[in-house]
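Hi there,

Here is the structure I promised to pass on. Have a look at it first, and then read on for what turned up.

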Amino acid sequence: MSYIMGKEELLPLLTSNDIRICDCRFRLGTPDEGKSEYNQDHIPGAVYFDLEKDLSGNVGIHGGRHPLPDLTTFKGKLEAYGITNDTVLVAYDGGEGSYASRFVWLLSYLGHRNVQVLDGGYAAWKDAGYPIDMARADYPATEYHIELNESVFASYEKVKEYTLKNPDDTVLVDSRETKRYQGIEEPIDKKAGHIPGSVNKLWTKVLDNGHFKKKEELQENFSDIDRDKEIIVYCGSGVTASPNYIALKEAGFKHVLIYIGSFSDWISYDDNPIE
């Protein structure tokens, strides 16, 4: 199953009771802007998920800038929106791709079997003249059962082990800008550089004007990585690693995980090495 749905595919499904459209628009630095945009207009029937209030947990000493949310609380959010394990989920953001992709990865981690990102996001939907409205969608509450899919989750301990053993069957992928990867500049985190042994694959290169590139282009982007190896993807805080996760899966890589704490978690341990 593809992790990507085109706007033309979604349009005829708007009236389906089996689908839930999830608005994940967000602006770093102005965290209330995404919800304000949702209140102004959105895809009909869409429900809103906030990156920091819903798709992330409380920031602590460790865990990174966007740690996993409390799963019991997040489960309640899904149930309040009438989402079951069989609901088809389609997530969109403003067109950046990263926030909707975070939602897709998170639901994949919860074991959800049918979750996709809307290609091009809300910008492409609105530019096409497709329906929008301001109405708040209300759905009957449901039950949701979490069945964690650990095969997509890389813990801190797993990444630490990688740096100690540097196994031949695993590749660590840094999704940040090259200058941040190289340690030339670091505008966000307290330390600069990258996790030892990682290779740099900038997340924006898998997108073209908010749309994921075609399978052949994605395969070319990752052509220097053995598709049979385990791939652990990270970024600064676990958000922009998500488009690379989806792109790798679309390119045919089978074993792809995200280190959700990412570099901001790695550097929270003083003794960890940095290249």
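Ser 108 is in contact with Tyr 3, Val 115, Asn 149, Val 152 and Tyr 245, once its neighbours within four places in sequence are left aside. Please keep in mind that this is a predicted model. Ser 108 belongs to helix 4, and with a relative accessibility of 5% this serine counts as buried. Another pair to look at is Ser 108 and Glu 147: they are 39 residues apart in sequence, and their C-alpha atoms lie 9.7 Å apart in space.

Helix 4 also leads to the nonpolar cores. Helix 4 (residues 98-109) supplies 8 residues to the largest nonpolar core, the largest share of it. That core has 69 residues, and the members that touch the most others are Leu 10, Ile 43, Phe 49, Phe 74, Phe 103, Trp 105 and Leu 107. To see one of these in its surroundings, select Ile 43: not counting residues up to four places away in sequence, Ile 43 touches Leu 10, Leu 14, Ile 21, Tyr 92, Leu 118, Tyr 122, Trp 125 and Pro 131. There is also a second, separate core of 13 residues, with Ala 154, Tyr 162, Leu 172 and Tyr 259 among them. As background, nonpolar side chains tend to be buried together in soluble globular proteins.

Next, the sheet. In what order do the 4 strands of the open sheet run? The order is 7-6-10-11, and the pairing is parallel. Strand 7 (199-200) and strand 11 (256-258) are the edge strands, each pairing on one side only. Between strand 6 (residues 170-174) and strand 10 (residues 230-234) there are 5 bridges in the parallel sense. If you want to check the register, Thr 170 stands opposite Glu 230, and Val 173 has Val 233 as its bridge partner. Strand 10 also pairs with strand 11, again in the parallel sense, over 3 bridges; here Ile 232 stands opposite Leu 257. The connection between these strands runs through helix 9 (residues 241-250), and strand 10, helix 9 and strand 11 make a right-handed β-α-β unit. Strand 10 is largely enclosed by the rest of the structure, because 4 of its 5 residues are buried.

Now for the charged side chains, which may be of interest for your setup. How many salt bridges are there? The count comes to 19. In general, side chains of opposite charge can pair when their charged atoms come close.

Asp 23 and Arg 25 form one of these salt bridges, with the closest N and O atoms 2.7 Å apart, and both residues are buried.

Arg 27 takes part in two pairings that you can view together:

- With Glu 37, the closest N and O atoms of the salt bridge are 3.2 Å apart. Glu 37 lies in helix 2 (residues 33-40) and Arg 27 in the loop between strand 2 (19-23) and helix 2, so this pair ties together parts that are 10 residues apart in sequence.
- With Glu 96, the closest N and O atoms of the salt bridge are 3.0 Å apart. Glu 96 lies in the loop between strand 4 (88-92) and helix 4, so its pairing with Arg 27 ties together parts that are 69 residues apart in sequence.

Are these three residues buried or partly exposed? Glu 37 counts as buried, because its relative accessibility is 18% and the cut-off for buried is under 20%. Arg 27 is partly exposed at 26% relative accessible area, and Glu 96 is partly exposed at 25%.

Elsewhere, a network of salt bridges links Arg 65, Asp 174, Arg 176, Glu 177, Arg 180, Glu 186 and Asp 189. Within this network, Asp 189 makes a good starting point for a closer look. Asp 189 sits in the loop between helix 7 (178-182) and strand 7 and is buried, with a relative accessible area of 10%. Its side chain makes a polar contact of 2.9 Å with the side chain of Arg 65, and another of 3.4 Å joins it to the side chain of Arg 180. Apart from neighbours within four places in sequence, Asp 189 is in contact with Arg 65, Arg 180, Gly 236, Phe 263, Ser 264 and Ile 267.

Happy browsing, and all the best!

Methods. Residues numbered from 1 in each chain as written. Predicted model: local features only at pLDDT ≥ 70, side-chain atom pairs only at ≥ 80, totals over all residues. Heavy atoms only, no water. Pairing = 2+ DSSP bridges. Helix = DSSP H or I, 4+ residues; strand = E, 2+ residues; numbered from the N terminus. Buried < 20%, exposed > 50% of the residue type's maximum accessible area, 1.4 Å probe, protein only. Polar contact = N/O pair within 3.5 Å; in protein donor to acceptor, adjacent residues only side chain to side chain. Contact = heavy atoms within 4.5 Å. Core = buried A, V, L, I, M, F, W, Y, C linked by side-chain atoms within 4.5 Å. Right-handed = clockwise from strand over helix to strand, strands pointing away. Salt bridge = Lys/Arg side-chain N within 4 Å of Asp/Glu carboxyl O.
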